[in-house]
Amino acid sequence: MKRFAVLMTSAALLATQAGLAQMGAPGEQPTTLAAVPGPLAAKYKADADKILQAAMADDEGYAHLAYLTDHIGKRLSGSPQLNTAVEWGADLMRKAGLQNVQIQPVMVPHWVRGEECATITYKGEAGTITKPLHMLGLGMSVGTPKGGITAPVVFAHNFAEFDKLPASEVKGKIVVFNPGWHGYGVNSMYRTGSQGRAAAKGAAAVLVRSATGLAMQIPHTGSLRYDPKQPKIPSAAISIEDALLIERLAKEGPVQVHLEMDAHMEPDVQAGNVIGEIPGSEHPEQVVVLGGHIDSWDVGQGAQDDGSGIMATFEAVSLIHKLGLKPRRTIRIVFWVNEENGGAGGRAYRQWIGDKIGDQVAAIEMDEGAEKPLGMGYGGFGARRRPAPPAQGAAAAPPTPRPPFDLDELSAEEKQSYAYMRDIVSLLAPIGTDTVSPGGGGSDIGPIVADGVPSLSPRTEAEHYFDWHHTEADTLDKVDPDFFKRNTAMLSVVAYVLADMDGRLAGQKGAAHE
């Protein structure tokens with residue numbers, strides 16, 4: 001999962017980015033609202049119980065995830081594995097009996113990692129230390145010249161500290177950032193925003209501490225964003241342990257790094273969003289869409305990020321069909337492409353919807369792993385905006401407390417929407433996911449959410465997601481089968497009721513741009 005392709009303002013931005021449990025300070029938890037049974041619970045209890053029972057007994061969803069991860073594997077945009085997964089996904093939908101199955105063509109970038117390595121050398125009074133670094137090039141980075149770069153290190157904890165350095169102390173050197181761990185929202189801005197800052201002072205390359213709180217010598221990749229006004233310089237993530245080692249050694253004396261990266265861009269490749277439906281029995285033009293992204297990074301298996309998301313949402317829709325339930329509105333499943341390093345799938349889907357945006361009843365994205373589910377996130381109300389890198393010379397603002405959430409401050413339509421959601425989640429009490437939290441959405445649905453479509457996403461404990469996010473460790477064994485089933489069950493009930501009930505949730509418009 002990343003937050004690269006769609007930047008949003010107003011509540012729509014909040015809705016897109018709100019779900020990350022570690023977006024702010026580690027351990028901070030969002031507001032939760034308890035379930036309040038009402039007319040929807042009374043009307044849909046029998047159907048919901050059928051769905052929950054079927055989902056908790058279902059093994060097919062996890063089996064599909066096992067095939068995707070073990071037999072297709074990592075699925076970077078532009079790779080043959082991604083297109084294999086796309087074709088497989090469409091076939092899976094057809095075999096499940098879904099209708100209107102299609103692959104919407106989408107051109108995606110083709111970034112190639114190539115061979116890469118890095119070595120640190122320190123020469124001091126106690127002797128010489130030479131050690132390979134645990135590193136991963138950041139997605140979309142340029143490579144080094146042939147033979148690599150060997151340069152002294154300049155170390156900085158944060159942007160404010162770096163901004164105080166004169167360009168003469170940075171030019172030709174490799175900048176290393178280690179801000180510590182302050183949650184994914186803060187740490188990821190060093191991954192995405194340090195390259196232009198360093199290049200402006202003539203740096204040869206950038207190394208950043210991986211955006212995780214777990215020190216296990218595992219580097220985490222992810223997209224970067226180059227400043228179009230500055231030269232593109234090679235950039236990689238290093239493990240926490242290696243970042244700390246460089247920090248300690250830099251206090252003792254000069255540290256040198258040799259960096260080699262073959263990373264490069266190749267021509268764009270055609271891939272596609274995979275789409276299937278259960279047509280509505282009365283209002284087929286009205287759509288509840290749910291899904292995740294089928295692409296992954298080129299490390300690990302893309303199991304939690306986001307194989308679990310697409311397989312849980314697929315199985316949620318498949319179960320509704322298997323049980324013979326016929327919602328009045330259409331339920332659409334989408335496996336979006338290119339979430340990780342471009343967002344082309346989400347933009348193409350918005351273009352495909354065109355002027356029918358008013359018929360999009362709700363959008364649900366699962367892109368935070370299938371850990372233990374706690375309930376559903378809805379809307380951008382009271383959510384957190386990801387912090388942006390500060391301007392040159394300005395200190396980075398610390399994570400701000402999550403805005404207080406007060407139902408009384410919402411509009412009448414928004415209050416009614418929360419009443420609907422608290423009513424719906426009361427149906428989930430048997431599996432322990434009967435709460436609603438302000439904030440829910442995802443990058444792929446960001447473009448339609450910006451035009452007012454209500455956004456939702458599962459909320460989980462998120463205890464380990466950023467331990468293996470974007471790493472070689474994102475493998476099937478990290479996905480607990482019972483938690484996977486509970487996420488599937490929750491998604492299935494929520495999607496079904498939203499697609500069949502009389503009322504609709506409120507959305508909020510915002511502005512979306514790259």
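Tutor: Two strands pair if DSSP finds at least two bridges between them. Strands are DSSP E runs of at least two residues, and helices are H or I runs of at least four, both numbered from the N terminus. The model is predicted, so local features need pLDDT of at least 70 and side-chain atom pairs 80 or more, while totals for chains, interfaces and linings use all residues. Residues count from 1 along each chain as its sequence is written, and side-chain values use heavy atoms, without hydrogens or water.

Student: Why are β7 and β8 called a pair?

Tutor: They share 4 bridges, and the rule asks for at least two, so they pair. The sense is parallel. Ala156 stands opposite Phe177 in β8.

Student: What makes β7 and β11 a pair, and in which sense do they run?

Tutor: Again 4 bridges, here joining residues 149-156 to residues 255-261 in the antiparallel sense. Ala151 faces Val257 across the pairing. Pro152 has Gln256 as its bridge partner.

Student: What makes β5 and β6 edge strands?

Tutor: Each pairs on one side only. The open sheet has 8 strands, ordered β5-β4-β11-β7-β8-β9-β10-β6, with mixed pairing. The twist averages 25° from one strand to the next.

Student: Why is β7 called largely enclosed?

Tutor: Buried means under 20% relative accessible area (1.4 Å probe, protein chains only). In β7, 6 of the 8 residues are buried, so the rest of the structure largely encloses this strand.

Student: What does helix α7 touch, and at what angle to β7 does it run?

Tutor: Contact means heavy atoms within 4.5 Å. Helix α7 (residues 240-252) packs on the sheet, touching β4, β5, β7, β8, β9, β10 and β11. Its direction makes about 85° with that of β7, on a scale of 0 to 180 degrees between N-to-C directions. Helix α6 (residues 184-199) lies across β8, β9 and β10, at about 165° to β9.

Student: How do you know whether Asp306 has a salt bridge?

Tutor: A salt bridge puts a Lys or Arg side-chain nitrogen within 4 Å of an Asp or Glu carboxyl oxygen. The nearest side chain of opposite charge to Asp306 is Arg75, 7.7 Å away, so there is no salt bridge. Asp306 is buried all the same. This residue sits in helix α8 (residues 303-322).

Student: What does the side chain of Asp306 reach?

Tutor: The backbone nitrogen of His293, at 2.9 Å. Among the residues that Asp306 touches are Gly292, Asp295 and Met366.

Technical notes
Buried means under 20% relative accessible area, exposed over 50%, partly exposed in between (1.4 Å probe, protein chains only). Lys and Arg count as positive and Asp and Glu as negative; His and the chain ends are not counted. A polar contact is a pair of N or O atoms within 3.5 Å; within protein, one must be able to donate a hydrogen and the other to accept it, and residues adjacent in sequence count only if both atoms are side-chain atoms. Lists of a residue's contacts leave out its neighbours within four places in sequence.
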